[in-house]
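Here are my notes for you to read alongside the picture. Take the points one at a time and find each spot as you go.

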Amino acid sequence: MAGSVGPASGEGEVMVEMNTTPLIDVMLVLLTLLIITLPIQTHAVKLDMPKPQENPPPPLTQPVNLGIDFDGTITWNGTPVNMDQLDAYFAQEAERGSDQDEIHVNPNRLAKYDTVAQVLADAQRRGVTKIGIGNTSDYLQ
(Lines give C-alpha, C1' and ligand atoms only; values in the text may rest on other atoms or scores of the structure.)
Protein backbone atom coordinates (compact mmCIF):
# COMPACT_ATOMS: atom_id res chain seq x y z
CA MET A 1 0.00 0.00 0.00
CA ALA A 2 2.21 2.69 -1.21
CA GLY A 3 0.79 6.07 -2.19
CA SER A 4 1.73 7.53 -5.51
CA VAL A 5 2.90 11.14 -5.72
CA GLY A 6 3.07 11.72 -9.45
CA PRO A 7 1.54 10.22 -12.54
CA ALA A 8 1.94 6.46 -12.61
CA SER A 9 3.56 6.32 -16.02
CA GLY A 10 6.42 8.84 -15.67
CA GLU A 11 8.07 8.65 -12.28
CA GLY A 12 11.58 9.14 -13.65
CA GLU A 13 10.79 12.16 -15.89
CA VAL A 14 12.08 15.68 -15.22
CA MET A 15 9.53 18.27 -14.06
CA VAL A 16 9.27 20.94 -16.77
CA GLU A 17 7.01 23.49 -15.06
CA MET A 18 8.72 26.57 -13.54
CA ASN A 19 8.00 27.39 -9.89
CA THR A 20 6.53 30.92 -10.09
CA THR A 21 5.91 31.44 -6.35
CA PRO A 22 9.26 33.20 -5.61
CA LEU A 23 8.83 35.39 -8.71
CA ILE A 24 5.35 36.45 -7.59
CA ASP A 25 6.62 37.17 -4.06
CA VAL A 26 9.40 39.41 -5.36
CA MET A 27 7.03 41.25 -7.70
CA LEU A 28 4.57 41.89 -4.84
CA VAL A 29 7.34 43.31 -2.65
CA LEU A 30 8.53 45.61 -5.45
CA LEU A 31 4.98 46.76 -6.15
CA THR A 32 4.41 47.49 -2.47
CA LEU A 33 7.63 49.54 -2.26
CA LEU A 34 6.68 51.48 -5.38
CA ILE A 35 3.25 52.31 -3.97
CA ILE A 36 4.73 53.44 -0.65
CA THR A 37 7.50 55.63 -2.09
CA LEU A 38 5.55 57.19 -4.94
CA PRO A 39 3.69 59.83 -2.86
CA ILE A 40 6.96 60.90 -1.21
CA GLN A 41 8.59 61.65 -4.56
CA THR A 42 5.72 63.79 -5.82
CA HIS A 43 5.28 65.74 -2.57
CA ALA A 44 6.58 69.33 -2.87
CA VAL A 45 7.40 71.76 -0.07
CA LYS A 46 6.94 75.44 -0.80
CA LEU A 47 9.59 77.63 0.76
CA ASP A 48 9.61 81.38 0.94
CA MET A 49 13.27 82.14 0.40
CA PRO A 50 14.64 85.47 1.66
CA LYS A 51 15.43 88.12 -0.90
CA PRO A 52 19.10 88.93 -1.45
CA GLN A 53 20.50 91.82 0.52
CA GLU A 54 20.81 95.08 -1.34
CA ASN A 55 23.87 96.09 0.67
CA PRO A 56 26.33 93.19 1.05
CA PRO A 57 28.18 92.94 4.36
CA PRO A 58 31.50 94.75 4.57
CA PRO A 59 34.58 92.74 3.63
CA LEU A 60 36.29 90.91 6.45
CA THR A 61 39.44 92.45 7.85
CA GLN A 62 42.65 90.59 8.46
CA PRO A 63 42.71 89.22 12.05
CA VAL A 64 45.29 90.40 14.55
CA ASN A 65 47.77 87.64 15.43
CA LEU A 66 48.65 87.81 19.11
CA GLY A 67 51.56 85.46 19.75
CA ILE A 68 52.78 84.25 23.12
CA ASP A 69 56.19 82.59 23.06
CA PHE A 70 57.52 79.96 25.47
CA ASP A 71 59.67 82.54 27.27
CA GLY A 72 56.71 84.91 27.86
CA THR A 73 57.37 87.22 24.89
CA ILE A 74 54.12 88.66 23.56
CA THR A 75 53.89 89.76 19.92
CA TRP A 76 51.16 91.84 18.24
CA ASN A 77 51.20 90.99 14.51
CA GLY A 78 54.84 89.91 14.83
CA THR A 79 56.00 92.99 16.78
CA PRO A 80 57.10 92.34 20.38
CA VAL A 81 55.08 94.33 22.93
CA ASN A 82 55.11 94.66 26.71
CA MET A 83 52.00 94.45 28.90
CA ASP A 84 51.43 98.24 28.92
CA GLN A 85 51.48 98.40 25.11
CA LEU A 86 49.21 95.35 24.97
CA ASP A 87 46.72 97.05 27.30
CA ALA A 88 46.79 100.13 25.04
CA TYR A 89 46.09 97.94 21.98
CA PHE A 90 43.23 96.22 23.81
CA ALA A 91 41.76 99.58 24.87
CA GLN A 92 42.02 100.84 21.29
CA GLU A 93 40.17 97.75 19.99
CA ALA A 94 37.51 98.01 22.72
CA GLU A 95 36.78 101.64 21.74
CA ARG A 96 35.77 100.46 18.27
CA GLY A 97 32.77 98.67 19.78
CA SER A 98 31.19 96.09 17.51
CA ASP A 99 33.65 96.98 14.71
CA GLN A 100 36.58 95.33 16.50
CA ASP A 101 39.14 93.29 14.60
CA GLU A 102 39.31 89.60 15.42
CA ILE A 103 42.23 88.77 17.68
CA HIS A 104 43.70 85.28 17.28
CA VAL A 105 45.80 84.27 20.27
CA ASN A 106 48.51 81.85 19.14
CA PRO A 107 50.41 80.65 22.21
CA ASN A 108 53.47 78.52 21.79
CA ARG A 109 53.00 74.93 22.83
CA LEU A 110 55.47 75.44 25.69
CA ALA A 111 54.09 78.84 26.80
CA LYS A 112 53.17 79.16 30.48
CA TYR A 113 49.48 78.97 31.21
CA ASP A 114 49.82 81.93 33.58
CA THR A 115 50.95 84.25 30.76
CA VAL A 116 48.18 83.13 28.40
CA ALA A 117 45.54 83.47 31.14
CA GLN A 118 46.83 86.95 32.03
CA VAL A 119 46.61 88.11 28.40
CA LEU A 120 43.06 86.75 28.04
CA ALA A 121 42.02 88.34 31.36
CA ASP A 122 43.47 91.71 30.30
CA ALA A 123 41.56 91.52 27.02
CA GLN A 124 38.31 90.76 28.85
CA ARG A 125 38.94 93.51 31.39
CA ARG A 126 39.49 96.06 28.59
CA GLY A 127 36.29 95.01 26.77
CA VAL A 128 37.67 93.06 23.82
CA THR A 129 34.95 90.69 22.59
CA LYS A 130 36.28 89.23 19.34
CA ILE A 131 39.11 87.12 20.69
CA GLY A 132 39.86 83.43 20.41
CA ILE A 133 42.58 80.80 20.43
CA GLY A 134 43.91 80.17 16.93
CA ASN A 135 45.43 77.02 15.42
CA THR A 136 44.41 74.57 18.15
CA SER A 137 45.58 71.64 15.98
CA ASP A 138 49.09 72.21 17.36
CA TYR A 139 47.90 71.06 20.79
CA LEU A 140 46.34 67.77 19.70
CA GLN A 141 48.51 64.73 20.07
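1. Start with the crossing of two helices: H2 goes past H3 in a right-handed crossing. Keep in mind as you look that this is a predicted model. H2 covers residues 83-95 and H3 covers residues 113-126. Their axes come within 9 Å of each other, and the crossing angle is roughly 40 degrees. That angle makes H2 oblique to H3, because oblique is the word for angles that fall outside the roughly parallel, antiparallel and perpendicular ranges.

2. Now, which residues in H2 and H3 meet? On the H2 side, look for Met83, Leu86, Asp87, Phe90, Ala91 and Ala94. On the H3 side, they meet Gln118, Val119, Asp122, Ala123, Arg125 and Arg126. Sort the residues of this contact by type and you get seven nonpolar, one polar and four charged. So don't picture this contact as purely nonpolar, because Asp and Arg count as charged and Gln counts as polar.

3. Stay with H3 for a moment and find Thr115, which also sits in that helix. Is Thr115 buried or exposed? Thr115 is buried: its relative accessible area is 18%, and buried means under 20%. Leaving aside residues up to four places away in sequence, Thr115 touches Ile68 and Gly72.

4. Next, hop over to Asn77, in the loop between strand S2 (74-76) and strand S3 (79-81). What is phi of Asn77 near? The value is near 55 degrees, which is positive, and Asn77 is a residue other than glycine. As for its surroundings, Asn77 is partly exposed, with a relative accessible area of 45%. Compare the cut-offs: partly exposed is the band between under 20% and over 50%, so 45% belongs there.

5. Time to zoom out. The protein has three helices and five strands. Trace the chain from the N terminus and the elements come in the order α-β-β-β-α-β-α-β. Try following that order on the picture with your finger.

6. A few whole-protein numbers to finish. How much of the protein do buried residues make up? They account for 18% of the 141 residues. The protein exposes about 11,900 Å², and carbon and sulfur atoms supply 58% of that. Finally, take the contacts between residues at least 6 apart in sequence: 68% of them join residues at least 24 apart.

Terms used:
Residues numbered from 1 in each chain as written. Predicted model: local features only at pLDDT ≥ 70, side-chain atom pairs only at ≥ 80, totals over all residues. Heavy atoms only, no water. Axes fitted to C-alpha atoms, helices over the stretch in contact; angles between N-to-C directions. Helix = DSSP H or I, 4+ residues; strand = E, 2+ residues; numbered from the N terminus. Parallel < 35°, antiparallel > 145°, perpendicular 65-115°, else oblique. Left-handed = near helix turned anticlockwise from the far one by under 90°. Contact = heavy atoms within 4.5 Å. Buried < 20%, exposed > 50% of the residue type's maximum accessible area, 1.4 Å probe, protein only. Areas by Shrake-Rupley, 256 points an atom, 1.4 Å probe, with all protein chains shown as cover.
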